[in-house]
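Here is a short report on one protein chain and its ligand. Please keep the sequence and the 3D view open while you read.

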Amino acid sequence: MLEVWRIVCVLLTLVCWQNDGSRASASHSAITAMLFAPSSHTALLPQVTLKVAVDVQGAVDDLDARDSFRFTSPESLDLVHRLRASVDAVAVGVGTVLRDDPSLTVRRVSFPGGISQPVRVVYDRHLRIPAASKLMTDSHRTMVICKVDAVGSTSLEFVGAKEAVPVDGSILESLKALQEKGVAHLMVEGGPKLARSFLDDGAVDRVILVEAPIRFRQPIPSGISVPLLKDYGFTCLVSYLCGGDKVSYWHAPGVPWVEQESPLPWP
Ligand SMILES: NC(=O)c1ccc[n+]([C@@H]2O[C@H](COP(=O)([O-])OP(=O)(O)OC[C@H]3O[C@@H](n4cnc5c(N)ncnc54)[C@H](OP(=O)(O)O)[C@@H]3O)[C@@H](O)[C@H]2O)c1
């Protein structure tokens, strides 16, 4: 049954490739389709992997710091970049763009030849994303998930260069729209509001939780914790030390982690 599903996934991916014209998307999707079994929410939606990094209090950022900063180990950062390299798209909420101005590109690890960067997806209902942000000005692809009635508003001058994806409704509707654009595997990088929405809507297949041995002075709580993941039905597959951080892998009920014949931990 799994084999049949994989063949269907690859065929769908190739159709998306032809419609979308994006070689990178097809390459990522094909790899994803072959590696991953159907998602827990519905088989035809993209796989969703949530990555969250927290301090010892479960916080994602320190308001005491004027700018956001990297607080996890270099090894954990490499892990995040490997994750980015293995997915079709990386999503953040607009709150993260406003605070961090991230580029969300793969930089720390090498990329298989010919494959381009994952698409960056910003959840931004009212198009608050700054036109000067890295995601809007660099040469890589960015999609902005916004409300239908936001399109046509004055803040849309950037859409010529980047891509607005109007969606009215839930996270699941946004996933349908992303699937139609060839996204087979989405990594959600935060922040906590967006992460909670994905969890609340039952849209998360796997979680990678990075717990750093640091205590923020003015913590921004994530609300995401081991008890919460258990409440949502996630099971911890493994946890290990990664350059001093505790990294744990969680999967939703019925969602396998990786191929059984591939014993190496993903990512
Ligand atoms: N440690 C980590 O792993 C990590 C990762 C990323 C970010 N961060 C930190 O997290 C903080 C920002 O987090 P945040 O929670 O304030 O912002 P966020 O989750 O990045 O973005 C939240 C915003 O996304 C928009 N949005 C659109 N659709 C949404 C939906 N379905 N559900 C929820 N939000 C939706 C909303 O704005 P509209 O209503 O205007 O659309 C909402 O205010 C920053 O301090 C950043 O440094 C930490």
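The sections below go from confidence to the sheet, then to the ligand shell and a few single residues.

## Model and confidence

This is a predicted model. The protein chain has an average pLDDT of 81. A score of at least 70 is reached by 76% of the residues. Strand β3 (residues 89-93) has the highest confidence, at a mean of 98. Helix α1 (residues 2-20) has the lowest, at 38.

The start of the chain needs care in reading. Over residues 1-35, pLDDT stays under 50. The model has 48 contacts beyond four places in sequence for that stretch.

## Overall build

Eight helices and eleven strands make up the secondary structure of the protein chain. The chain has 267 residues, and 43% of them count as buried. Consider the contacts between residues at least 6 apart in sequence: 70% of them join residues at least 24 apart.

## The sheet

Nine strands build an open sheet with mixed pairing. Their order is β6-β5-β4-β3-β7-β1-β8-β11-β10. The edges are β6 (163-166) and β10 (235-242). Each has a single partner strand, so one side of each has no neighbour in the sheet. From one strand to the next, the twist averages 20 degrees.

Strand β7 sits between β3 and β1 in that order. Six of its six residues are buried. β7 runs parallel to β1, and four bridges join the two. Val48 has Leu186 of β7 as its bridge partner, and Thr49 has Met187. β3 also runs parallel to β7, again with four bridges. There, Ala91 is paired with Val188 of β7.

At the β10 edge the pairing is antiparallel: seven bridges link β10 to strand β11 (residues 245-251). Cys236 has its bridge partner, Trp250, in β11. The two strands form a hairpin with two residues between them. Gly243 lies in the turn and has a positive phi of about 60 degrees.

Helix α7 packs over part of this sheet. It lies across β1, β3, β4 (119-123) and β7. Relative to β7, α7 runs at about 135 degrees.

## Around the ligand

Which residues come nearest to the ligand? They are Gly93, Gly95, Arg125, Gly190 and Gly191, out of 26 residues around the ligand. Six elements give two or more residues to this shell: β1 (47-54), β2 (59-62), β3, α4 (94-100), β7 (185-190) and α7 (192-200). The top contributor is α4, with five residues. By class, the shell holds ten nonpolar, eight polar and eight charged residues.

Two of the nearest residues, Gly190 and Gly191, share a notable backbone feature. The peptide bond from Gly190 to Gly191 is cis, with omega near -5 degrees. Gly191 is in the loop between β7 and α7.

## Residues to inspect

Two leucines have a positive phi although neither is a glycine. Leu104 has a phi of about 60 degrees. Leu104 is in the loop between α4 and β4. Is Leu104 buried or exposed? Leu104 is buried: 27 other C-beta atoms lie within 10 Å, and 20 or more is the cut-off. Leu127 has a phi of about 55 degrees. Leu127 belongs to the loop between β4 and α5 (134-137). Leu127 counts as buried because it has 21 C-beta neighbours inside 10 Å.

Val148 gives the opposite case. Val148 is in the loop between β5 (142-146) and β6. Val148 has 11 other C-beta atoms within 10 Å, so it is exposed; the limit is 12 or fewer. Val148 still has contacts beyond its sequence neighbours. Leaving out residues up to four places away in sequence, Val148 touches Pro166 and Asp168. Val148 and Pro166 are 18 residues apart in sequence, yet their C-alpha atoms are 4.6 Å apart.

How values were computed. Residues numbered from 1 in each chain as written. Predicted model: local features only at pLDDT ≥ 70, side-chain atom pairs only at ≥ 80, totals over all residues. pLDDT = per-residue confidence, 0-100. Contact = placed C-beta atoms within 7 Å. Near = placed C-beta within 6 Å. Nonpolar A, V, L, I, M, F, W, Y, C, P; charged D, E, K, R; others polar. Pairing = 2+ DSSP bridges. Axes fitted to C-alpha atoms, helices over the stretch in contact; angles between N-to-C directions.
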